[in-house]
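Me: I am new to protein structures and would like to work through this one step by step. Could you answer some questions about it?

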Amino acid sequence: MNTAPDPAAARHRWLTDEEQRVWRAYMHATTLLEDHLDRQLQRDAGMPHIYYGLLVGLAEAPRRRLRMTELAMKSKITRSRLSHAIARLEKNGWVRREDCPSDKRGQLAVLTDEGAEVLARTAPGHVATVRQAMFDRLSPEQQKALGEIMGIIAEGLQPNEAGADLPWLR
């Protein structure tokens, strides 16, 4: 084994063994969780998790409608990916597009009554899956700590400066 110091290692701040363990556990758990939620929603409603999130975003919006750019920002996805998803949701009759009355170039995504019904039917099973997969496994103290940790990470990853490279601006 070569015991000479590696010059590249001195230039990089590598993860410690403990940081590597935490990082890999995080990546493993989030991948498994997203897959678990996706499979539940595909089985129960024939939609991927991202579509469910879009329906929830619209359901929570005033008059069940949002500008497409605002929905992309809220969902943290590119406008192109959003446009594709909305087209699929339109095909199912769950969402419709409307021209934005205040901006002739803009469009609104609107949750239809049928989309609201699908969401109402799907939500209980989805909430049960989230609870079983995540919250039932954590103590109240762990839940609080996880919420604080994720909040810190999210805050640090959302740049506020103009010209930031954010998915919903692409």
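Reply: Happy to! One definition will help us first: two strands pair if DSSP finds at least two bridges between them. Please also keep in mind that this is a predicted model.

Me: How many helices and strands are there in the chain, and what pattern do they follow along the sequence?

Reply: The chain has 7 helices and 3 strands. Read along the sequence, they come in the pattern α-α-α-β-α-α-β-β-α-α.

Me: In what order do the strands of the sheet lie?

Reply: The sheet is open and has 3 strands, with antiparallel pairing. β1 (65-67) and β2 (95-99) each have a single partner strand, so they stand at the edges, and one side of each is left without a neighbour in the sheet. From one strand to the next, the twist averages 30°. The order is β1-β3-β2.

Me: How many bridges join β2 to β3?

Reply: Let's look at both pairings of β3. β1 and β3 (residues 107-111) pair in the antiparallel sense over 3 bridges. β2 and β3 also run antiparallel, and D99 stands opposite Q107 in β3. The number of bridges joining β2 to β3 is 5.

Me: Which residue in β3 does R65 stand opposite?

Reply: Follow the pairing of β1 with β3, which is antiparallel. In β3, the bridge partner of L66 is A109. For R65, the residue standing opposite in β3 is V110.

Me: Which helix packs on the sheet?

Reply: Look for a helix that touches β2 and β3. Its direction makes about 115° with that of β2. This helix covers residues 79-91 and is α5.

Me: Is V110 buried or exposed?

Reply: V110 lies in strand β3, where 4 of the 5 residues are buried. Leaving out residues up to four places away in sequence, V110 touches L58, R64, R65, W94, V95, R96 and E98. Its relative accessible area is 1%, and the limit for a buried residue is under 20%. V110 is therefore buried.

Me: How far apart in space are V110 and R96, C-alpha to C-alpha?

Reply: In sequence, V110 and R96 are 14 residues apart. R96 is also one of the residues that V110 touches. C-alpha to C-alpha, their separation in space is 5.2 Å.

Me: What links R65, R96 and E98?

Reply: Start with one pair: E98 bonds with R96 in a salt bridge, the closest N and O atoms being 3.0 Å apart. E98 has 24% relative accessibility and counts as partly exposed, and R96, at 36%, is partly exposed too. R65, R96 and E98 are linked in a network of salt bridges.

Me: Which residue meets the side chain of R64 in a salt bridge?

Reply: R64 lies in the loop between α3 and β1 and is partly exposed, at 26% relative accessibility. The N to O distance in this salt bridge is 2.6 Å. The pair links distant parts of the chain, because the partner of R64 sits 49 residues away in helix α6 (residues 113-133). That partner is D113.

Me: What is the phi of R63?

Reply: Most residues other than glycine have a negative phi. R63, found in the loop between α3 (49-60) and β1, is not a glycine, yet its phi is positive. R63 is exposed, with a relative accessible area of 65%. The phi of R63 is about 55°.

Me: Which helix gives the largest share of the nonpolar surface patch?

Reply: The patch of about 760 Å² is made by L15, W23, Y26, M27, I149, M150, I153 and L157. Two elements give two or more residues to it, α2 (17-45) and α7 (140-157). W23 is found in α2 and counts as partly exposed, at 45% relative accessibility. The largest share, 4 residues, comes from α7.

Me: Where do R21 and E18 lie?

Reply: R21 and E18 form a salt bridge, with the closest N and O atoms 2.6 Å apart. R21 is partly exposed, with a relative accessible area of 48%, and E18 counts as partly exposed at 45%. They are 3 residues apart, about one turn of the helix, and both lie in helix α2.

Notes. Residues are numbered from 1 along each chain as its sequence is written. This is a predicted model: local features need pLDDT of at least 70, side-chain atom pairs count only at pLDDT 80 or more; totals for chains, interfaces and linings use all residues. Side-chain values use heavy atoms; hydrogens and water are left out. Axes are lines fitted to C-alpha atoms, for helices over the stretch in contact, and angles run from 0 to 180 degrees between N-to-C directions. Contact means heavy atoms within 4.5 Å. Patches are made of residues with over 30% relative accessible area and no salt bridge: like charges are joined within 9 Å, nonpolar side chains (Val, Leu, Ile, Met, Phe, Trp, Tyr) within 5 Å. Accessible areas come from the Shrake-Rupley method with a 1.4 Å probe; for residues, only the protein chains shown count as cover. A salt bridge is a side-chain nitrogen of Lys or Arg within 4 Å of a carboxyl oxygen of Asp or Glu. Buried means under 20% relative accessible area, exposed over 50%, partly exposed in between (1.4 Å probe, protein chains only).
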